[in-house]
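Below are a colleague's remarks on the structure, set out as numbered points. They deal with charged side-chain pairs, a strand pairing and a helix pairing.

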Amino acid sequence: MTHTRRSVLRRGAGLAAAGAAASLAGCSGGGPGGSEGFDSGYAAFFTLNDWANEVAGERASFEDPVDVGQLGHGWTPDGTLAADVAATDAFVYLDSPEFAWAQDLAATLEADYDSVAVVDVLDGLEDDLLDWDHSHGGEGGDHDGEGGDHDGENGSHDGESETRYDPHVWVDPVLAAEMVETIAAGLGEADPENADAYAANAEAYAEELGAVNDAFEAIADEAARDVAVLAGHNSFQYLEARYGFRLHSPVGVSPQNEPTQSEIADTIDLVDTEGIDVVLYDRFQSPRLAESIVENSDATEAVPVTPAGGTTREWNDAGYGYLEQMTEINVPAFERAFDAQ
């Protein structure tokens, strides 16, 4: 895909307030690509932070402001985050109203801190984004009430009406490689002396993402079952679209939806009719619905999957990044759910 780089690296022309500028001058390092170097930044949530550190390598260190166990969408930062980020060299974010706090922070940085590189990982991917109500063969796509609020967001930002799209783009390893390339391009523009190193790191990481893509393609090719059940909101539409998976969810896409008893009963019927033995659930949500479906059907086990938008204490202690969440959690779970073992 050819990136337009429309907003990969956007710098504001404004000046910070005098007091803030004075307090930050000593730690801004002269700005991205300046004589004092490029050494630190923030990324808006777990996956972007993991990718930014992979791309930066030993040349810079990125920090995730979101605590372990929490997700970046629907999150509210404390009052010092803007100053903390402004004291670094870069901010990597995803320009989506589901991450309204990051949009606000990016706008502030662009307006008032021309020393901070602002990298939007969605740049160039506009044509690849899926609507909230994207339908895959009628399964899990259309759901009453869907396309409305997500984590309290109203689908607009700064009073503007926006087309609603599913923000979970990062679960698709092919699109993930595009976003990693965008991070490398943004950091390279901010720090030209190390641009080749950033590009090389991104290329190496893209090869590992290619292995994840190969694993999901193998599942699609070898699946003995053409539908799996996800007992929770569906963060995996991009995998469905990429690989032709069919995920039935009694909830739909929006986590604000609550399944009706009729939808749960229909899901149980599907489990029994299709001979499904594994019911998937989102590790960042309660397993109660999945456990209830297992208890009331012929299924035998509830198995977690991860949208890779955050991390748990256990995974963090084990050193799991995005790749490990995909290869150690999602790939085995999808293999079992689609009977592709």
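1. R246 is partly exposed, at 23% relative accessibility. The coordinates belong to a predicted model, and this applies to every value in the points that follow.

2. The side chain of R246 forms a salt bridge with that of D226, at 3.5 Å from N to O. The two residues sit in separate loops: R246 between α7 and β8 (247–248), D226 between α6 (195–222) and β7 (228–230). They are 20 residues apart, and the pair links distant parts of the chain.

3. How many salt bridges does the structure hold? The count is three. Another of them pairs the side chains of D172 and R242, with 2.9 Å between N and O. D172 belongs to the loop between β6 (160–161) and α5 (173–190), while R242 is in helix α7 (residues 237–243), so this bridge ties together parts 70 residues apart in sequence.

4. Is D172 buried or exposed? Its relative accessible area is 2%, and because the limit for buried is under 20%, D172 counts as buried. Its partner R242 is partly exposed, at 36% relative accessibility.

5. R336 and E301 also meet through their side chains in a salt bridge, at 2.5 Å from N to O. Here helix α11 (residues 322–337) supplies R336 and strand β10 (residues 301–305) supplies E301; the separation is 35 residues. Both ends are partly exposed: R336 has 29% relative accessibility, and E301 has a relative accessible area of 33%.

6. E301 has a backbone role to note as well: E301 in β10 is the bridge partner of V278. Strand β9 (residues 278–282) and β10 run parallel and are joined by five bridges. Between these strands the chain passes through helix α9 (residues 288–295), giving a β-α-β crossover that is right-handed.

7. Turning to the helices, the axes of α5 and α6 come within 9 Å and cross at roughly 175°. Angles over 145 degrees count as roughly antiparallel, and α5 and α6 are therefore roughly antiparallel to each other.

8. Which residues make up the contact between α5 and α6? On the α5 side they are P173, V174, A176, A177, V180, A184, L187 and G188. These meet A195, Y198, A199, A202, Y205, A206, L209, V212, N213 and F216 in α6.

How values were computed
Residues are numbered from 1 along each chain as its sequence is written. This is a predicted model: local features need pLDDT of at least 70, side-chain atom pairs count only at pLDDT 80 or more; totals for chains, interfaces and linings use all residues. Side-chain values use heavy atoms; hydrogens and water are left out. A salt bridge is a side-chain nitrogen of Lys or Arg within 4 Å of a carboxyl oxygen of Asp or Glu. Helices (H or I, at least four residues) and strands (E, at least two) are DSSP runs, numbered from the N terminus. Buried means under 20% relative accessible area, exposed over 50%, partly exposed in between (1.4 Å probe, protein chains only). Two strands pair if DSSP finds at least two bridges between them. A crossover is right-handed if, with the strands pointing away from the viewer, the path from the first strand over the helix to the second runs clockwise. Axes are lines fitted to C-alpha atoms, for helices over the stretch in contact, and angles run from 0 to 180 degrees between N-to-C directions. Angles under 35 degrees count as roughly parallel, over 145 as roughly antiparallel, 65 to 115 as roughly perpendicular and the rest as oblique. Contact means heavy atoms within 4.5 Å.
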